[in-house]
Every structure is written in C-alpha cells, then in structure tokens.
Amino acid sequence: REVHWFEKFHWFISSENYLVIGGKNAQDNEIIVKRYLHKNDIYVHGDFHGAASVVIKNPTGKPVPPSTLQQAAVMTVCQSSSWAANVVNTAYWVEAHQVSKTAPTGLYLPTGSFMVRGKRNYLPPMPLVMGYGIMFRVADDCIERHKNDRQVRYNVVDDMQQEEKQNEATAPRKNNNKKNDQQQQWQQQQQRKKKKSVKKQQKQEKQSESSSEDDEDDPFDFDVTSQFIRQLSGASSASAASGGNPLFNDKNNDSDDDDDDD
C-alpha cells in the first residue's frame with residue numbers, strides 16, 4: 001500500500017477524527033513545526049524536559065474538541081522523560097500563529113526548540129497511559145458505512161456554556177421560589193397558631209360550662225337550706241307561743257280527726 005506522509009512520525013487518529021502527529025526526536029519536531037504546522041492547527045507541548053512537539057491538524061478551522069486536546073496532551077507527556085521517571089506532568093496548547101522559530105535578541109534556539117508567545121492554555125495532569133492499534137483498510141463498498149464513525153459526539157464546551165446560561169436564567173426563579181416557600185411556611189405557622197388558640201378557647205368554654213352545670217345540679221344549695229331553716233325557726237316560734245311542739249301538734253290533730261270520724 002501507499003505510505004502516508006505522517007507515518008514517519010508518531011501519529012494517531014483522535015476519537016473525533018483529527019490527525020495528531022508528534023516528533024520522535026528534535027529533528028522531527030523541527031520538521032513538523034516548520035513544514036506541517038499550518039493555520040488553524042493546534043500546537044501541544046509541555047514545560048518539562050523531552051516534551052514532544054505535537055500538532056493537531058485542523059483543516060476545517062472549527063474549535064478542536066476537549067477530548068482530542070487531552071489525547072494529544074497524553075501523547076506529549078508519554079513521549080517525554082516523564083514516562084521513564086513515572087512522573088505525571090501537565091501540557092498546554094496554543095494556536096499555530098503563537099509558535100515561532102525567531103528567538104529574542106541575544107538568544108539562540110537549538111534544533112527542535114521554539115518560542116511560544118501569548119497565553120498558554122494548560123490542561124489537567126495527564127495519566128501515563130499509552131496503547132497501540134491495528135490499522136486496516138476497509139473495502140470500497142464499505143466506506144459509506146464508516147463515514148460517521150469518528151465524529152464529535154459530545155461537545156463539552158457548548159454544553160458548559162448552555163449550562164451556564166440555564167443557571168443564570170434559573171437563578172432568579174430559584175430565589176423567587178425560596179421566597180415563596182418561606183412565605184408559605186410562615187402562613188402555615190400562623191394558621192397553626194390560630195387553630196391552637198381557637199381550640200384552647202373552646203376547651204376553656206367547655207370547662208366553664210361544665211362547672212356551671214355542676215353548680216346548678218348541686219343538691220346542697222345554701223340558699224334553699226337557709227330558707228328551710230328560717231321556716232323551721234318561724235314554725236318553732238309560733239308553736240312556743242301556742243305552748244306546744246308543732247310536730248306533735250300535727251299528730252294530735254290527726255288523732256282528733258280520727259276520733260271525729262268515729
């Protein structure tokens with residue numbers, strides 16, 4: 001088969017179908033940057049000894065997905081001295097126009113070294129993990145089936161922006177909901193207090209009614225008793241004036257009545 005131009009370097013196809021190439025030595029790094037680093041491409045490197053110069057080819061000019069950036073960073077770290085030292089390091093990426101071979105005045109850049117100007121976009125620490133793959137060629141009649149195998153299936157950047165917009169939009173709603181919940185809780189507490197006070201009043205009224213009923217049903221009424229005593233005292237005074245006990249007088253009267261009947 002025909003050998004592709006990138007096969008003389010370290011290379012792989014990312015999960016989003018981007019070609020990623022890296023130099024095997026300083027001479028390869030020089031060739032990659034000078035000859036194959038074009039506009040819209042991404043340059044990945046690291047601030048440690050032996051870091052490989054890795055280039056992500058981006059002919060479409062669209063933003064490179066984070067997954068491809070991370071995979072290229074893993075390649076940069078693993079192709080450096082960090083692999084032998086078993087040390088985890090971080091890599092960064094910049095755009096193609098930020099990489100230059102022009103050194104500042106009085107300085108010299110050796111083969112495979114470059115100047116990076118502007119902001120460096122650092123990535124999280126990359127694991128020292130590498131693998132290998134088997135390259136094969138599909139038949140011409142099967143190409144149509146595999147056209148969409150390697151595409152951006154999860155754009156993290158767009159999703160993060162959408163989440164931020166949603167959070168900003170829902171923030172005032174959440175605050176309003178909290179206020180409404182607090183108002184509802186306060187109203188419920190007031191209603192509970194009212195119910196408790198009403199029940200307490202009703203209980204007191206029932207107790208007062210029951211006590212008044214008990215007073216009315218009491219057989220030993222002081223007023224009735226005192227009136228009866230006054231009647232007895234009046235009757236005793238009348239009998240004393242007539243010279244006899246009224247109780248015995250009643251019996252005598254009964255006996256007299258019986259005699260008259262006889």
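Author: Accessible areas here come from the Shrake-Rupley method with a 1.4 Å probe, and for residues only the protein chains shown count as cover. By that method the protein chain exposes about 19800 Å², of which carbon and sulfur atoms supply 50%. This is a predicted model, in which local features need pLDDT of at least 70 and side-chain atom pairs count only at pLDDT 80 or more, while totals for chains, interfaces and linings use all residues. Residues are numbered from 1 along each chain as its sequence is written, and side-chain values use heavy atoms, with hydrogens and water left out.

Reader: What makes up the secondary structure of the protein chain?
Author: The protein chain has six helices and eight strands, where a helix is a DSSP run of H or I with at least four residues and a strand is a run of E with at least two, numbered from the N terminus. Along the sequence these elements follow the pattern β-β-α-β-β-α-α-β-β-β-β-α-α-α.

Reader: How do you know what share of contacts joins residues at least 24 apart?
Author: A contact means heavy atoms within 4.5 Å. Among the contacts in the protein chain between residues at least 6 apart in sequence, 62% join residues at least 24 apart.

Reader: Why is E30 called buried, and why is K34 called exposed?
Author: Buried means under 20% relative accessible area, exposed means over 50%, and partly exposed lies in between (1.4 Å probe, protein chains only). E30 has a relative accessible area of 9%, so it is buried, whereas K34 has 57% and therefore counts as exposed. Of the 262 residues of the protein chain, 24% count as buried.

Reader: What makes K34 and E30 a salt bridge?
Author: A salt bridge needs a side-chain nitrogen of Lys or Arg within 4 Å of a carboxyl oxygen of Asp or Glu. The side chains of K34 and E30 meet at 3.1 Å, N to O, so the pair satisfies that limit. The two residues are four apart in helix α1, which means that about one helical turn separates them. A search of the whole structure finds four salt bridges.

Reader: How do you know that D28 has no salt bridge?
Author: D28 lies in helix α1, residues 26–36. The nearest side chain of opposite charge is that of K24, at 5.9 Å, where Lys and Arg count as positive, Asp and Glu as negative, and His and the chain ends are not counted. D28 is therefore left without a salt bridge, although it is buried. Leaving aside residues up to four places away in sequence, D28 touches K8, F9 and G23.

Reader: Which elements do the buried residues of α1 pack against?
Author: These residues, D28, N29, E30, I32, V33 and Y36, pack against β2 (19–22), β3 (42–46), β4 (54–56) and β6 (99–100).

Reader: Why does the salt bridge of D41 and K57 tie together separate parts of the sequence?
Author: The closest N and O atoms of D41 and K57 are 2.8 Å apart. D41 lies in the loop between α1 and β3, and K57 in the loop between β4 and α2 (66–78), so the pair ties together parts that are 16 residues apart in sequence. Both D41 and K57 are buried.

Reader: What places D47 and R120 in the partly exposed class?
Author: D47 has 46% relative accessibility and R120 has 29%, so both values fall in the class between buried and exposed. Salt bridges that share partners also join E30, K34 and K101 into one network.

Reader: How do you know which strands are the edge strands of the open sheet?
Author: Two strands pair if DSSP finds at least two bridges between them. The open sheet has six strands in the order β1-β2-β4-β3-β5-β8, with antiparallel pairing. Its edge strands are β1 (10–13) and β8, because each pairs on one side only.

Reader: What makes β1 and β2 a pair?
Author: Four bridges join β1 to β2, so the minimum for pairing is met. F12 stands opposite V20 in β2. Five residues lie between β1 and β2 in their hairpin, and N17 in the turn has a positive phi of about 75°.

Reader: How many bridges join β2 and β4, and how many join β3 to β4?
Author: β2 and β4 pair in the antiparallel sense over three bridges, with V20 opposite I56 in β4. Three bridges also join β3 to β4, where the partner of Y43 is V55. Both faces of β2 are covered, since L19 and I21 on one side and V20 and G22 on the other are all buried.
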